[in-house]
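Got a minute to get to know a small piece of structural biology? Take a look at the sequence and the 3D view first, then read on.

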Amino acid sequence: MSPTLGPNIDNLRKQAKALLRAWRLGDADARHRVAACFPDAPRLGL
């Protein structure tokens, strides 16, 4: 069997949840990362 190419969906899901958790807690780095894609996001969810 050949290895799967590309990102692992479970890993991406965990990363997204961690970023959301950090954003909700007010982490400055998470806020900047989210603002880069969603500058006017008063609420954020998955």
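Here's a quick tour, from the overall picture down to a couple of residues.

Keep in mind that what you're looking at is a predicted model. The protein has two helices and zero strands. Of its 46 residues, 9% count as buried.

**Overall build**
- Measured out along the principal axes, the C-alpha atoms fill a box of roughly 45 × 20 × 15 Å.
- About 4,200 Å² of the protein is exposed, and 57% of that comes from carbon and sulfur atoms.

**Charges**
- If you tally up the charged side chains, you get 8 positive and 4 negative ones.
- The centres of those two sets sit 8 Å apart.
- Arg-13, Lys-14, Lys-17 and Arg-21 together form a positive patch on the surface.

**A look at Lys-14**
- You'll find Lys-14, a member of that positive patch, in helix H1, which covers residues 9–24.
- Is Lys-14 buried or exposed? Its relative accessible area is 57%, and the cut-off for exposed is over 50%, so Lys-14 counts as exposed.

**A look at Ala-22**
- Ala-22 also has its place in helix H1.
- Why does Ala-22 count as partly exposed? Its relative accessibility is 21%, and buried would mean under 20% while exposed would mean over 50%, so Ala-22 lands in between as partly exposed.
- Which residues does Ala-22 touch, once you leave aside its neighbours within four places in sequence? Ala-22 is in contact with Asp-27 and Ala-30.
- Now try finding Leu-44 in the view: in sequence, Ala-22 and Leu-44 are 22 residues apart. In space, the distance between Ala-22 and Leu-44 is 11 Å, going from C-alpha to C-alpha.

Notes
Residues are numbered from 1 along each chain as its sequence is written. This is a predicted model: local features need pLDDT of at least 70, side-chain atom pairs count only at pLDDT 80 or more; totals for chains, interfaces and linings use all residues. Side-chain values use heavy atoms; hydrogens and water are left out. Patches are made of residues with over 30% relative accessible area and no salt bridge: like charges are joined within 9 Å, nonpolar side chains (Val, Leu, Ile, Met, Phe, Trp, Tyr) within 5 Å. Accessible areas come from the Shrake-Rupley method with a 1.4 Å probe; for residues, only the protein chains shown count as cover. A salt bridge is a side-chain nitrogen of Lys or Arg within 4 Å of a carboxyl oxygen of Asp or Glu. Lys and Arg count as positive and Asp and Glu as negative; His and the chain ends are not counted. The place of a charge is taken as NZ of Lys, CZ of Arg, CG of Asp or CD of Glu. Helices (H or I, at least four residues) and strands (E, at least two) are DSSP runs, numbered from the N terminus. Buried means under 20% relative accessible area, exposed over 50%, partly exposed in between (1.4 Å probe, protein chains only). Contact means heavy atoms within 4.5 Å.
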